[in-house]
Amino acid sequence: MPKTIHLTSNNSSLVLKIGDMPEVLHWGRRIHTIDADLLASMERAVSQARLDTDIPLTLCPESGRGLFSAPGIEGHRVGKDWAPVFSLVDSSVENELTEQRAVFTATDEVVGLRLTMELQLDQETDVLQKRLTLTNISGQPYTLNKLSNTLPLPSFATELMTFFGSWIREFHTERRDLMHGSFIQENRRGRTSHENFPGLMVGSKGFSEQSGEVYGFHLGWSGNHQLRVDAKSDGRRFFQAGELLLPGEMILAVGESYSTPWLYGTYSAEGLNGLSRRFHQFVRNEILRFPNSQRRPVHLNTWEGIYFDHNPEYIMQMAKGAAEMGVERFIVDDGWFIGRDHDRAALGDWYLDEVKYPNGLEPVIAKVNELGMEFGLWVEPEMINKDSNLFRNHPDWLLELPGYDQPSGRWQYVLNLQNNDCFNYLFERLDHLLSRYNIGYLKWDMNRELVQPGHEGHPAVHGQTLAFYRLIDQLRAKHPAVEIESCSSGGGRIDFEVLKRTHRFWASDCNDALERQTIQKGMGYFFPPEVIGAHIGPEEVHSTKRRHHMNMRGVTALFGHMGVELDPVKESVEQKQGMAHYIALHKTFRDLIHSGISFRLDSTDPTRNIYGVRNDDETLLAVCQTAMGSYTLPEPVRFAGLDPQRRYRVTVVDMPTASFQLMKSRPTWMEEGVTLSGDTLMAIGLSLPLLDPESAMLIHLQAQ
Ligand code: DGJ
């Protein structure tokens, strides 16, 4: 019997056959016995008019082996050494309490390359991690064009759910069948991007929130990437993901290595809910460097309230209004540093604007603290305006290709973080801010994409991304208590690798609650609510000019890391009371939302978005009517994840206060609540009121 390795977790198995190169025989549902009969039953036939032997799809498919699919590795030495075929020289398996790990090393002595393949299966969450490392062991440099992580998919995995988006419209999803050929997503924007989130799902036809067998993937990387799903002509399928390397970006010197970003994947037999449950728990256990027990304070961020118009006296009035509403952290956004009166100047000059703040920042911080709130500050360290002292003194610090004029983005350019002087300047400035002022939180922004990103003439997205990580890491080492938000014109830099060194994402610059329903749902497949920054904006949305009443805004922001994004001084008493109400509700349910299991419920009516969070004893469910309902009677909501034997007290926590146009009378259970058993709530469900379009209700279940 050929050698096999079986990694297991609570619900999944990864079975590898160890030949010349490791091949995944099975990844998915947990199995128990691996024996010669199983292996015999899995052997493939060899068809006519093809190569005479079976060619395995290995952990790094090689074209040189005769696999006519996208190879896992591509590169050359000045046009030679371009078709490596590896042979395994070492394999090891480690069984640790929390994960099982297999490491394989293979070499190709002809071309002089060594390949290391790492696989880790997390016991509790079933999340599989994979990474490849290539080392140049020959006497000449090796140009690496591509090194990607490949994992096979079962033949039933014919339907894809992919992500697309743009500024103020992140995390939209698209479904498509893939029966033949390839789906390819390339991100060439130099940051994770709004357009190409590095993740997708692929599963059985028609998989839904609650049903179907489905695989979820995410590449933890904040630069360029390529993802692909292929259905080969022989019916085998695979997923592949890696960094997209620009021409000449990765030239390995003798002895040098390149490691791919980590690929994260998991399998669920319970539809998308099973995937998000696994990813969320994995993020909580393995990615976040944030004590799970620590509460996430409610924010007020000044951006949409005052934009660049900073006046410390006025900001202190805003802080007072914020504290009165129950805000716990107050963040001064863009506009505080010297010469930053609009978006065309000053980026790079990280010194307080003493014209705007003649008495310094200290009185504002003191006021914020005195009101019982923590103080946070906005920065955008990687950027520079040409109208800045920094550019006038260091025009050579730009990330660019000399001899060209690259287009600006939001009137700004990118700094070359691989330039040590530039890196050190940024570190010194950030360190100074954090050392001098009582700052508990940094909103770290990044508002443009990379064009001709050159370092010493070579493509530098890879190096820039690593240097960005290094800058945050260095800062965090010195100021470990400071929390950092990853923001990039909203959701342009959202991924697991940046989350290892930050604490929260600004999900979108769109505070339109209706748009946010879609954005937060898409983002919520991978990220737990506590890292999804979700703010209540003013009644008239700045980005879309739509108007939403408080209920829709409040319920939508409730299921994230909540905040408000407006000027409390200008808001009416009624609006402020509304915000205070939802902030208080958020605090009531914060522990549940930030530690429970998030889920979504399938509905036959596409105008309803039903989602919630549960733990063993409680469920909080939001029913959001995104448009006019499809039916004159809404279908009952059938709950999930309850204990069939237990009884639950069901109450309405929140309803729109506006008059109902569509209903003469509500279901009677809404008056005083009802107590029902888990099995009836799951089998029969609960009758719902008719909600007006763009409104939402909250239902609470408490186990008795
Ligand atoms: C883009 C961010 O997404 C906004 O929230 C705000 O911080 C602005 N930048 C400030 O310039």
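What follows is a chat about the pockets, cavities, ligand and two buried residues of a predicted model.

Visitor: Before we start, what should I know about the model and the numbering?
Guide: It's a predicted model, so local features need pLDDT of at least 70 and side-chain atom pairs count only at pLDDT 80 or more, while totals for chains, interfaces and linings use all residues. Residues are numbered from 1 along each chain as its sequence is written, and side-chain values use heavy atoms, with hydrogens and water left out.

Visitor: Okay, the ligand: which residues come nearest to it?
Guide: D334, R410, K443, D445 and D509, out of 13 residues around the ligand. Being near takes a heavy atom within 4 Å.

Visitor: And what's the mix in that shell?
Guide: Four nonpolar, three polar and six charged. Here Asp, Glu, Lys and Arg are charged, Ala, Val, Leu, Ile, Met, Phe, Trp, Tyr, Cys and Pro are nonpolar, and the others, Gly among them, are polar.

Visitor: Which ligand atom does a polar side-chain atom of D445 lie 2.7 Å from?
Guide: A nitrogen atom. For D333 and D334 the partner is an oxygen atom of the ligand, at 2.8 Å for D333 and 2.6 Å for D334. The protein buries 97% of the 290 Å² that the ligand exposes when taken alone, with areas from the Shrake-Rupley method and a 1.4 Å probe.

Visitor: Switching to empty space: how big is the largest pocket?
Guide: About 580 Å³ in volume. A pocket is an open set of points on a 1 Å grid over the protein atoms alone, with protein on both sides within 12 Å along at least five of seven lines, and lining residues have an atom within 4 Å of a point; a cavity is a set where a 1.4 Å probe fits but cannot get out. Volume is the space filled by probe spheres set on the points, which are joined across faces, edges and corners.

Visitor: What lines that pocket?
Guide: There are 25 lining residues, and E209, K521, P606, R608 and N609 are the closest to the centre. Helix α10 gives the largest share, six residues; β11, β32 and β33 are also among the elements that supply at least two each. Helices (H or I, at least four residues) and strands (E, at least two) are DSSP runs, numbered from the N terminus.

Visitor: And how many cavities of 30 Å³ or more are there?
Guide: Five. The largest cavity is about 250 Å³, and its 19 lining residues include Q520, K521, G524, F559 and Y611, which lie nearest the centre. Elements giving two or more residues to that lining are α10, β32 and β33. By class, the lining has eight nonpolar, eight polar and three charged residues.

Visitor: What about the second largest cavity?
Guide: That one has a volume of about 60 Å³. Among the residues lining it are G190, E382, M446 and R493.

Visitor: New topic: is E483 buried or exposed?
Guide: Buried, because its relative accessible area is 6%, and buried means under 20% (exposed is over 50%, partly exposed in between, with a 1.4 Å probe and protein chains only). E483 sits in strand β28, and its side chain makes a polar contact of 3.1 Å with the side chain of R329. A polar contact is a pair of N or O atoms within 3.5 Å; within protein, one must be able to donate a hydrogen and the other to accept it, and residues adjacent in sequence count only if both atoms are side-chain atoms.

Visitor: And which side chain does R590 join up with?
Guide: That of E328, through a polar contact of 2.8 Å. R590 lies in helix α12, residues 573-595, and counts as buried at 7% relative accessibility.
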